[in-house]
Amino acid sequence: MIDNTIPRVEYRNPRAELRLVQRREALRLFVSAAAISVLAACGPAAPAPAAATQAPAKPAPTPASAAASAPTSAPAAPTPALQARAAQAAQPKPGGTLTAGMIGDLGSIEGHQVTQATVNVTFLAYDRLIEYDDKLTAQPMLAESWDISSDLKQFKLNLRKGVQFHTGRELTSDDVKYNLERVRDPKLAGVVGALAAESAWFNSIETPDKYTVVLSSEKPRPGAFDFFEYLNILDKDTAESPKSRTKAVGTGPFQFIEWIQGDHFTFVRNKNYWRSGRPYLDGLTIKVFADAQAQIAQLEAGVLDLADSPPVRDAARLRQDPRYTYTGTFIGGQYFCVFINTSVPPLDNKTVRQALNYALDRQRFADTVMVKLVGPGQDLPWPPQAGAAEPAKNTAYAFNLDKAKSLLASTGVGDFEIDILYHNLAYPTEINALAQFYQADLAKIGVKANLRVLDFPSFTDMVLNQPYHGLAIAGGAFAHLAESTTAFTTGRGANLVQQNWSHYKNDELSQLILGAGIEPDPAKRKQLYSQINDKFLDEVPNMPVSLYPAMSLTKNSVHGIRYNLLPGLVYTDAWLG
């Protein structure tokens with residue numbers, strides 16, 4: 001139990017209604033307003049629990065957004081009839097079924113699996129303990145308030161009363177404890193990813209009453225709320241039954257109905273949702289597409305209301321069309337990255353890796369391939385709001401072929417040949433373009449690069465298990481969380497502490513990363529992040545290129561779509577006008 005002498009900090013404010021960069025010009029405006037987020041990130045970063053102890057103010061319009069909305073000339077005053085009609089049109093309308101598209105199907109509907117696809121699909125059936133807003137402030141979800149010890153070792157979660165699973169059974173503290181412990185099951189090790197290790201932080205999980213959960217750790221856990229953000233609360237009866245692979249049962253805004261593999265998912269409104277009046281939609285159908293262009297064709301034909309993860313060129317084209325609305329954000333911690341197999345010569349020489357870094361034209365990729373949807377290229381993986389963000393260091397390796405050639409010459413390595421691997425699953429057109437112009441620039445410094453495109457299973461097997469000789473282009477993730485080093489301890493690609501796609505190991509860097517993960521003092525943690533950034537830039541275990549967006553296109557009759565920081569599409573406040 002928590003010692004009563006520990007200062008009590010508590011949050012009891014209503015959940016913020018946040019919309020993340022929703023309209024067609026929102027992403028452009030976010031870039032211009034990013035300096036505000038960067039200044040906030042450069043201050044002492046409070047751990048997520050501390051940030052959760054005070055109610056966030058609703059964000060005011062930025063000067064950029066105000067300027068963008070101001071007309072160039074004063075319009076005629078609208079008539080009372082037009083004003084009334086506009087007010088009526090802005091009011092959410094309950095009812096209707098939204099039809100969305102997605103590229104590729106799920107491998108399973110395991111509720112504790114976290115992928116870009118699952119957060120946009122099966123997560124609709126679940127709630128989590130908290131939800132971050134876009135400032136990394138924890139907002140109440142199933143936990144309506146919490147008490148945290150000042151040393152960040154004990155977390156008392158006060159659960160919302162009267163919440164029902166889709167089966168009608170009430171949520172209790174035993175359900176939360178079950179989910180906390182379930183992700184530790186070795187049988188789920190290949191599915192739940194980092195959730196298992198994060199759950200293991202807590203050596204004690206107590207349920208003193210029906211609505212209270214107390215977690216205790218032997219070490220400070222500034223990333224505890226990062227864990228709570230990703231942990232869905234599943235219905236135990238379903239998860240333990242033969243239906244666990246065919247049903248998604250939680251307390252979420254939508255109730256899962258069916259999954260027809262390769263074709264569609266169907267959800268209906270949870271009529272007993274704890275948020276009164278939500279969701280507005282009666283139902284949601286998500287159609288599965290094998291081809292991104294087929295999805296866009298269905299959107300333009302009027303069959304779809306929403307297209308998820310459209311090709312960049314189509315997103316740029318249709319966001320200019322008044323019939324559609326572009327919704328996008330790159331604050332979700334995802335980034336394009338070039339991984340380097342540091343275990344093979346000459347790539348085991350950090351000076352060679354530094355030379356390759358100078359030969360990577362990030363800005364060309366951001367401007368021409370990603371058509372300025374992602375902001376500038378950057379050498380570090382952090383989005384502006386991350387605690388480890390240091391914008392001044394994002395151009396440490398500004399494109400410079402002369403510098404690259406000079407560094408290579410200093411090593412005495414001479415001309416050499418490598419492979420550039422990439423897969424055909426996510427952003428294949430954009431990554432192919434990056435690979436091609438990087439190949440051409442490498443040739444200018446005496447490095448011959450052979451391009452090899454693989455299917456995703458072959459790619460992951462090659463970069464993780466095979467002695468590939470060269471570079472691999474793919475995505476990194478989790479660079480946005482309150483405890484920033486999660487990006488370097490999660491998954492298999494950029495995990496610099498354990499096994500990773502770069503086959504890289506450095507004890508000094510590992511100790512810095514692990515130390516930051518248990519440092520309770522925000523100022524000291526910020527100092528560790530800066531040291532990690534310096535060491536990362538010096539060692540070059542991999543090369544971030546730019547952030548990449550979570551994005552969607554909708555008909556202009558669709559309202560209320562937003563992204564959370566998972567990043568996943570949120571339909572709770574969506575309505576059809």
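Which residue forms a salt bridge with aspartate 237, and how far apart are the closest N and O atoms? Let's work through this and two more exercises on this predicted model.

**Exercise 1. Find the partner of aspartate 237 and place both residues in the chain.**

Step 1. The partner is arginine 169, and the closest N and O atoms are 3.5 Å apart. A salt bridge requires a distance within 4 Å, so this pair qualifies.

Step 2. Now locate the two residues. Arginine 169 sits in the loop between β5 and α6, while aspartate 237 belongs to helix α10. With their positions 68 residues apart, the pair links distant parts of the chain.

**Exercise 2. Examine the salt bridge between arginine 169 and aspartate 235.**

Step 1. Here the closest N and O atoms lie 2.7 Å apart.

Step 2. Aspartate 235 is in the loop between α9 (224-230) and α10 (236-239), and arginine 169 is in the loop between β5 (154-159) and α6 (173-182), so the bridge ties together parts that are 66 residues apart in sequence.

Step 3. Check accessibility. Arginine 169 is partly exposed at 27%, whereas aspartate 235 is buried at 1%.

**Exercise 3. Describe the salt bridge between aspartate 314 and arginine 317.**

Step 1. The closest N and O atoms of this pair are 2.8 Å apart.

Step 2. Both residues lie in helix α12 (residues 312-318), three residues apart, which is about one turn of the helix.

Step 3. Aspartate 314 has 9% relative accessibility; buried means under 20%, so aspartate 314 counts as buried. Arginine 317, at 40%, is partly exposed.

Terms used: Residues are numbered from 1 along each chain as its sequence is written. This is a predicted model: local features need pLDDT of at least 70, side-chain atom pairs count only at pLDDT 80 or more; totals for chains, interfaces and linings use all residues. Side-chain values use heavy atoms; hydrogens and water are left out. A salt bridge is a side-chain nitrogen of Lys or Arg within 4 Å of a carboxyl oxygen of Asp or Glu. Helices (H or I, at least four residues) and strands (E, at least two) are DSSP runs, numbered from the N terminus. Buried means under 20% relative accessible area, exposed over 50%, partly exposed in between (1.4 Å probe, protein chains only).
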